[in-house]
Amino acid sequence: MADKSQFYRGTLEGCILKIINDNEVYGYEIAEKLKSYGLCEVSEGTIYPLLLRLEKNGLVSSVKKASSFGPKRKYYSLTDLGKQELHDFYISWNEITKSIDEIFQDYKGE
């Protein structure tokens with residue numbers, strides 16, 4: 001049952017928006033940051049289509065910049081709409097986690 005990809009489905013977009021909000025970043029860098037937070041199962045093949053969708057929906061903008069390690073990289077930043085979406089995600093996330101924490105507060109994993 002605990003298929004993590006199902007959990008990620010609804011939350012990964014919010015996590016990516018938060019990472020982009022912190023700093024202008026490129027796709028591979030986002031994948032590495034997700035891994036550093038323990039989301040090791042999220043592949044670049046998942047991230048790039050999400051970035052494309054976020055950009056298409058006006059939540060992020062991108063600019064190509066030269067890289068000292070190879071071809072130009074596409075750096076992402078949040079638009080005003082993306083900042084609002086991140087805020088809305090954060091409010092919803094807090095409501096959901098509070099409810100789930102209450103449900104599981106006396107559960108001992110037995």
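Here is a short chat about helix H1 and the core in this predicted model.

Biologist: How confident is the predictor in the protein chain, and which element has the lowest mean pLDDT?
Modeller: This is a predicted model, where local features need pLDDT of at least 70, side-chain atom pairs count only at pLDDT 80 or more, and totals for chains, interfaces and linings use all residues. Residues are numbered from 1 along each chain as its sequence is written, and side-chain values use heavy atoms, without hydrogens and water. With pLDDT running from 0 to 100 as confidence in each residue, the protein chain averages 92. Among its elements, H4 has the highest mean, 97, and the lowest, 89, belongs to H1.

Biologist: Where is the kink in H1 centred?
Modeller: Helices here are DSSP runs of H or I with at least four residues, numbered from the N terminus. A bend is the angle between axes fitted to the seven residues ending at a residue and the seven starting there. In H1 the kink is about 55°, and its centre is Thr11.

Biologist: Which element gives the most to the largest nonpolar core?
Modeller: Such a core joins buried (under 20% relative accessible area, 1.4 Å probe, protein chains only) Ala, Val, Leu, Ile, Met, Phe, Trp, Tyr and Cys residues through side-chain atoms within 4.5 Å. The largest one has 21 residues. H1, H2, H3 and S3 each supply at least two; the top contributor, with six residues, is H1.

Biologist: Which H1 residues are buried?
Modeller: Their cover includes helices H2, H3 and H4. The buried residues are Tyr8, Thr11, Leu12, Gly14, Ile16, Leu17, Ile19 and Ile20.

Notes:
Buried means under 20% relative accessible area, exposed over 50%, partly exposed in between (1.4 Å probe, protein chains only). Contact means heavy atoms within 4.5 Å.
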